[in-house]
Structure formats: C-alpha cells, structure tokens
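Reader: I'm new to this one and would like to learn how to read it. Could you walk me through it?

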Amino acid sequence: MIARDTSAEAEEIQCRLYRNMTPAQKAQRVFSAYRMGKMLSMAGIRMANPDAAEEQIWHLWARRHLGDELYEKVYGEQTDG
C-alpha cells in the first residue's frame, strides 16, 4: 500500500533500505520511534498540566500508557494529577 504523501519510487527506495537493514538497525528504529512518541506524549501532558512536577508528568504518562488497571497493579494508587 502506497502512502498518499509518498511517491511509488520513494516508497520503493524506502522498502529497499529497510530490507537491507540488520535486525539491530531495525530495532534501533523502533526504539527511536517509541522514544519520540513518549516525548511528544509527555509534552502534551506538560501543556495540559503546566503546574505539574516532572514526577507527576511521568505518572500521568505511565497511567495513559499502561491503562488504569495495569498502572494500579504496578504502582498502586498514586496521586498523579
């Protein structure tokens, strides 16, 4: 499936590059994308909670990321905002 904002030629090149990556390189890409997503999510939480301390920001992110049930199992009842 071709992305709407990518030409067929560009997508072909991108697929070739991914095929030629080592598993370690592919894993690094995944981890990098995850970190970027986390940073963007936490930035949004900071914007919505400008007076929150960094620990509170982290707990708010963790609750969103894990969901209420798993968050409570892992961290117990926290006051996170």
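Author: Sure. Let's start with a term: a residue is called buried when its relative accessible area is under 20%, and exposed when that area is over 50%. Keep in mind that this is a predicted model.

Reader: Okay, which residues are buried in α3?

Author: In α3 the buried ones are Ile57, His59, Leu60, Trp61, Ala62 and Arg63.

Reader: And what do the buried residues of α3 pack against?

Author: They pack against two other helices, α2 (23–48) and α4 (68–75).

Reader: Is Arg64 buried or exposed?

Author: Use the cut-off again: over 50% counts as exposed. Arg64 has a relative accessible area of 58%, so Arg64 is exposed. This residue also sits in helix α3. As for distance, the C-alpha atoms of Arg64 and Gly44 are separated by 12 Å, with the two residues 20 apart along the chain.

Reader: How do I check the length of α3?

Author: Compare its end-to-end reach with what 1.5 Å a residue would give. Helix α3 covers residues 54–66, which is 13 residues, and spans 18 Å from its first C-alpha to its last, close to the expected 18 Å.

Reader: What follows α3?

Author: Gly67 does, and its phi is positive, near 90 degrees.

Reader: Let's try the same reading on Leu40. Is Leu40 buried or exposed?

Author: Leu40 belongs to helix α2. Its relative accessibility is 57%, so Leu40 counts as exposed. Leu40 and Gln14 are 26 residues apart along the chain, and their C-alpha atoms are separated by 24 Å.

Reader: Zooming out, how many helices and strands are there in the protein?

Author: You'll find four helices and zero strands. Reading from the N terminus, the order is simply α-α-α-α.

Reader: What does the radius of gyration say about the overall shape?

Author: The trick is to set the value beside the one for a compact globule. For 81 residues such a globule would come out near 12 Å, but this protein has 18 Å. Along the principal axes, its C-alpha atoms fill a box of roughly 50 × 25 × 20 Å.

Reader: How much of the protein is buried?

Author: Buried residues make up 15% of the 81. You can look at contacts too: among those between residues at least 6 apart in sequence, 7% join residues at least 24 apart.

Reader: And what about the surface and the charges?

Author: The protein exposes about 6600 Å², with carbon and sulfur atoms supplying 57% of that area. There are 11 positive and 12 negative charges, and the mean positions of the two sets lie 9 Å apart.

Key. Residues are numbered from 1 along each chain as its sequence is written. This is a predicted model: local features need pLDDT of at least 70, side-chain atom pairs count only at pLDDT 80 or more; totals for chains, interfaces and linings use all residues. Side-chain values use heavy atoms; hydrogens and water are left out. The expected span of a helix is 1.5 Å times one less than its number of residues. Buried means under 20% relative accessible area, exposed over 50%, partly exposed in between (1.4 Å probe, protein chains only). Contact means heavy atoms within 4.5 Å. The radius of gyration is taken over C-alpha atoms; the globule rule is 2.2 Å times the number of residues to the power 0.38. Accessible areas come from the Shrake-Rupley method with a 1.4 Å probe; for residues, only the protein chains shown count as cover. Lys and Arg count as positive and Asp and Glu as negative; His and the chain ends are not counted. The place of a charge is taken as NZ of Lys, CZ of Arg, CG of Asp or CD of Glu.
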